[in-house]
Each structure stands twice: as C-alpha cells, then as structure tokens.
Amino acid sequence: MKKTFLIVVCSVSSIFFSCKKDQNSDQLGSETAQTDANTLIDNGWPREAENNGTKLVYYQPQVDDWNDYKEITARLAFSLTPKDGKEVLGVASLKASTLVDKDNRNVFFRNIEVTDVRFPSLDEKAVPQMEKLFKETLPKGGDPVSVDRIMADLSQTKSPSKGIAAKNDAPTIFYSTNPAALVIVQGEPVFVPVEKTDIQYVVNTNWDLFFDKTAKDYYLLADNVWLTSKKIDSDWVKTTKLPSGLSNLPSGQNFDDVKKMIPPPSSGAAPQVFYSNKPAELIAVNGNPKFVKIDGTKLLYIDNTENDVFANEADGQYYVLLSGRWFKSKELTGPWTYAGNNLPADFAKIPKNSPRANVLSSVPGTQEAKDAVMLAQVPTTAIIKKSDAEAKAKVTYDGTPQFKPIEGTKMQYASNTQDKVIKVGDLYYLCFQAVWFMSTSPNGPWETAASVPKEIYTIPPTSPVYNVTYVTQTTTDTTVESSTTAGYFGAFIVGATVGAILTYGTGYYYPPYVYYGGLYPVYHPWPCSYGAGAVYNPWTGGWAAGRSVYGPYGAAGTSAWYNPATGRYGRSASVQGWYGGRTAASTYNPWTGNYARTNQGHNAYAQWGHSAATNGNQWVQTGHVTTRRGTAIGYETSGGKEGVITHHRGGGTTIHTNNNVYAGHDGHVYKKDANGNWSHYNNGNGGWSQAGTLGSTSKSGGAVEHTKPSQGLGANGAGVQRDNQNLGGENRLGEGAQRDNLSRPDQTLGQPSKPLGEAGHSDITNDLDRSALSRDRGESQTRNFQNFQRDGSRLGGGNFGGGGGFRGRR
C-alpha cells in the first residue's frame, strides 16, 4: 500500500510549548527529581497514619464540591484506635485548598481543615478526646489523590461551565484516495533568503518549501520526494534535478533532514498536492475506503485512514472529527457542514474497546466527554517568587510598539510582538508564561500584578489574545500564585452545559503578522484551529499533534518562527503535547508566546523551573531528601508559611484491604458487601446492621475488614468492652438508640443542630450507590493511567500514543 503524505502548515507549532528550563531554579538533580515523581503517586486507598501510638485508617474522600477547582469540600469515613484503646468508627467533613499536578494526574490537598467529626457509636463524653486524636493523626496535606477519583465523584453532580461562543463553520476539507499532500501557506508566501545563494525558503508554511530566484521555480520536499512547479498553488511534478543553491543550506537550522535528500532519491511516487492560503484539512485515505462495522450501532468507520471518518447507515451521512468538532456530508468529497448540535445517538454507543473509542471524548453526553470538559477546568498552579518572575519578564517588539483594538471592548493588544500585552486605560498588562505583570509603559519595567482588571476577562474569542483569560493569580508580599486552565493552551469548551465537549482552538482564523522592516521579514503566526491534526489525549487532558504525516519531522507540521531577540529564524522539530513534552530543537508556541531551544522536558511554567505544580513539586521547593524510609519535601506556601511534607511508613501509607467504607451525608458510617447491600455502623454496640430495609431483620457484617471486630468504647470512654449481643442476631434499624444506654451526639454530619436520626433512608443509600460507582470508576481510571505512564507511552516520554485508550495508530 502506498504511503499517504500530508503537509500541513497553519502554524501548527501552536500546539507546542516553549521549553526553556531555568537551570538556576532547579535545585535538585534529575535522579532525585525522577525518584520523587515516581514516589508521589496515588497508591490506593484506604490509608493509614500513626501518631504517638494512635492508629488512623481513613478511606477515600467522597468529594461534595470543588469550588473553582481550587478549594475542595469532602467527607471521609475512618477508624481510629487510640494507644491501648479500642477501635471506633467515625465520619469527618474536610475543607482544603488544592494544587494539581497534571503530568501525573494528581491533586494535592493542603491546609486541610477538619470542619466536623461524628462518632455514631461513641459516648458524648468521649467525643472531645477522640476528635482531638483524629485531628492530630490525620495528615495535614501532601499525600496525592488521583484527579480521576475526584472527577469520578464530581461527574455525578457537578455541571460543566457553559461553552464559549466558538466559530464552528467547516474549514476547507480536501479528500483524496491517492498519496496526497496539503500545502497551507497563511496568506501570501513570506520568503526568507538562504545566505550566499539565490534560494529562498517560505517561512509561513510547515513544510520544506523553497524558491529559486534565478529560474523562478518552486521546490517542495514531501517526505523523500522532490516536487517542482512554476506556481505555488498547482502543477506540481516530481523532479530529480535541484538548483545548486540547495546544496549550500546551512547547518544547525534544522535543514539537516533536507540535506539528506540531496541529491534527490529516484524512488518514490509523486503525491497529489492540495493548496490552501488559510488553515484547511485533508481526509487522506489509502486507496478505496475500507469500512468496518461498529457492533451495536449503525455506524461504520473507515479503517485505512488516519482521520476519524464514519458512515451512518441510518441517515446516509458521513461524519468526520476535526479538532474536536464534528462535520457531516452526503459525500466524502463534501461539502461539509457542522454537525456538533445534531450528532446521531449511536456515536455514544461506540464500545470503549473499539479502535475508534478515542472519539468518545468528543461525543456530547458521554462520560469521556464530561471528563475532558471537567479536566479542562482544573487549573495547574505555580507559586513563584516575585523577584524571580520580574527579573525574567521581558517584551521584544518589532520596532515601535503597535496596538490594535480588541473587538467589543475599550482595550487594545500589542500586534507586533510574540508576547501577550494588553492595554487597559493607561496601564499595560503582560501575560508571560502564565503569570500576569503590569507596567505604565509598553516596554516595562514589569512588576507582578497585584490584581488583574476584570475587563481583561471580557476579551472575546474573536481576539487572538483570548487565551489569556484563562490565567488568574493572587499575590502576597513576596510570591505570586498563578492558576492556568486548558484554555490558555487552546483547549476550549463548546456547547451547552448538557452535552458540552472540548475542542481545539476557537474556530476563528487570526491572520499572521508580517513585517518587512529589515533584511529579514518578520513573521508572527497566531494560533489556528485546523491544519494541525489535533487529537485529544485523555491522559494529558489536552490536544496534541497526532499524525506523523502532518509534518516533515515526524510528530506534526511545525511552523518556522522568527526570534526578534536574535534576529534569526529557527525551524522546529518536536514531539510533545499540552502539558509537557520533549523537545530536540527550537520551537515557538503562539498560544503562550514562548520560544526557546532546549533538550529538556517542559510545561507551561518553563521559565519558573520546578516552582510549578508538576512532577510532584507542588510547592516552591527548598529541598528534597529521599531515603529508604520515604521522602521529605520542604516547601513554602503562597502565604509565606514553611513546612515539611513527609511520606513514610506509618503516615499516609496505603494499606491493602477493601476500600468499601463510606461516610453518609446523614453522619452514619456505611459499608457495602459483595452483593451490593449497604450496612451501617450500628449505634451503641459497634456492629453492623443492614441499611435500607427498615423493619426487617439482618445479619451483622461484623467488623471492618482491616481489623478485629469492633468493641466500641464504654460509657466512660475508657475502652470497656461492649455487649455484642446483637452481632449475628436480629436488629431493627432505628432501635439501637432505645436499646443503647449511651448518650449519643445526635447530630448530622456538618450540621450540629440537626439530629442524627435513623440510618438507611433511600436518599442516603442512593447517594452511596453513586459514590460506590464513582469510586470504582476512579480506581479503574487511576490504574489505567498509571499503567499507561509506567509503560512509557506517556506523551513527552518519547512515544506518541500507545495504550490506555489513546489510539496508538496516530
């Protein structure tokens, strides 16, 4: 089968990050950092902590809310065994701030506040001492919780944000069953001279495209085939003769792969060349389409293509997924129209093990789509010293600063720089690597912004600087805490709250900036939605270039870029994605305005080194110590507080037992048996009674699985053994309080003024059923990601795609 070639331009480097790493801020050796990155993972639940002989086993938190994805409220069930005392079960309400490590998909709780503790079987006089022991023993923060566990909980109750007003008109979509190449040049060609030759190369395309000024001929290298034409937009034919100037291409500017193809190879067939002067797409099929039926649906997919193309037998339409948007047509050759508001229901029935299951993240209403939307709203946070940030903030303009109006506002943005500078009144605000700065001059000096004007967050999607509205921050006297969500990198929510999906780009076309003021023309591409082969990666939570045929360097088409600081051009070659990657050459990212050369991994906060919440370094780092006993991390919080988070045996250690104990909203402790029946911790005798069957008899489930049968505490709180006459016998729910001679704290969890009441009401058990399903799904997703990560298939680890449901054929 002939290999299909695809050339895409459209400043595809818009999906790449700048990668400059601040070596000075990297206080740790790579070996230690890697060790800690592997150490700080969610190892499962329940977990165990000890303090002065007191043993605490606490179960997976049940999340009630994640306010602005920065402050979490949750409840958890626990068992507490004092030194030389008896085990007692309870439930607690927690509140904590969070930091998110998207590389490892972990959430770190910090500044945990216990807002309420309930012991359903405990004498009221014993409660203060046991509550004190619980608060002293519960870790104050630092242990990671998988973001998948939290999202599984929230997906039951939390509605996504309303989608943006994106532009969803279909781009130009070409179709070919023969080897083909799509050449996209944004606007008119921008020519850059090759020194000491009559050869120029076109900078505003992502393929190797040259022009011979002497003969007035164009030359195009499509993989290992050279083509030539008198016209850039048509009449391309294969050639084995090249102008002598091409033999003099300079080294060190990523022309090395081009030089390997000189002289031209004689083998290889000439592809058909499609041309567009703005972002476009190509459906490239290797021969006649081969349709494969999807069981349980009326859908078929085309197997011999890199694109996601489906046929629906029910309506006779073809559907294609491009940058997270669905388009439909009666013919594969078009014309295509937006179909996202009326996608057939069968798409949601695509099996999760299907070769095309990756599209479920873009099918409205699916769990995969809900997860994508929710993860896009979860911020990555960096806590940075103000002095460090201000020393690095710099803006370089091409000549005198020029500003253009932002549609629908009184603001303006700087048009002749790669950086995002917004003019608000008489002040200037710079968003530099996800940190806001302000100045009274467009040239600085720049100070970290104590606050960001509300007007900035009204910038519409029609503006090329819209993505800065996804960066917020707070400051202290010495630090700035920046929070960045996926919109900063071009991943946007589209659609209503019900059926919302995540797309790549806004759909609007932002023409590039070109300036001919010197020896070399200046070219600044803005982000674009199409022509990038963007594919959603559920593990990174962002979009990445997904087709090797989209560019000459294997990963994707990557536009050349101009560095005004040095006056030279660079040509990029990268394999990377939204929240991290590996780079072997210079790159430019129009979304963030970053450019640099590096061989290091990187993230959104490349300038700030390890101060970002990635790779386990969730606070401004002051030191690491790793021994066989565990890991200690020194940190400084945004409030200037210092401390140490310790991970060691006996403190936050995962124990291997069933994670099936839950905290009910009513303040009772519940567990679920293998048959799906709920039992509650019986008031007074420390046993278990079946819930949800009021008036019936049931057998006790015994004690919690990880310990001996619970005895409870005596009336004096001294650990006297209780009479277990109800264990294994009859018990009516609600009668425990009458049989019990204890004076219980009759209060609902989190509501001291509300009586505890009888357990097992249907509204409570229904909520527990949802929690159980969420816990199972969160566990599965967590393990799938960790397997994916461990197997080396993670984006940025050298391979694109792989297992874990992210389609490796890309």
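Proline 445 is found in the loop between β29 (435-439) and β30 (447-448), where strands, like helices, are DSSP runs numbered from the N terminus (E, at least two residues for a strand; H or I, at least four for a helix). The peptide bond that leads from glycine 444 to proline 445 is cis, with omega near 5 degrees. A cis peptide bond also joins tryptophan 45 and proline 46, with omega about 0 degrees, and proline 46 has its place in the loop between α1 (30-39) and β1 (47-51).

This is a predicted model, in which local features need pLDDT of at least 70 and side-chain atom pairs count only at pLDDT 80 or more, while totals for chains, interfaces and linings use all residues. Residues are numbered from 1 along each chain as its sequence is written, and side-chain values use heavy atoms, with hydrogens and water left out.

Strand β5 (residues 88-101) is largely enclosed by the rest of the structure, because 13 of its 14 residues are buried (under 20% relative accessible area, with exposed over 50% and partly exposed in between, for a 1.4 Å probe and protein chains only). Two strands pair if DSSP finds at least two bridges between them, and the table gives the partners of β5.

| Partner of β5 | Sense | Bridges |
|---|---|---|
| β4 (residues 71-81) | antiparallel | 10 bridges |
| β6 (residues 106-118) | antiparallel | 10 bridges |

Phenylalanine 78 has glycine 90 in β5 as its bridge partner, and serine 93 is partnered by aspartate 116 in β6. β4 and β5 form a hairpin with 6 residues between them, and aspartate 84 in the turn has a positive phi of about 65 degrees.
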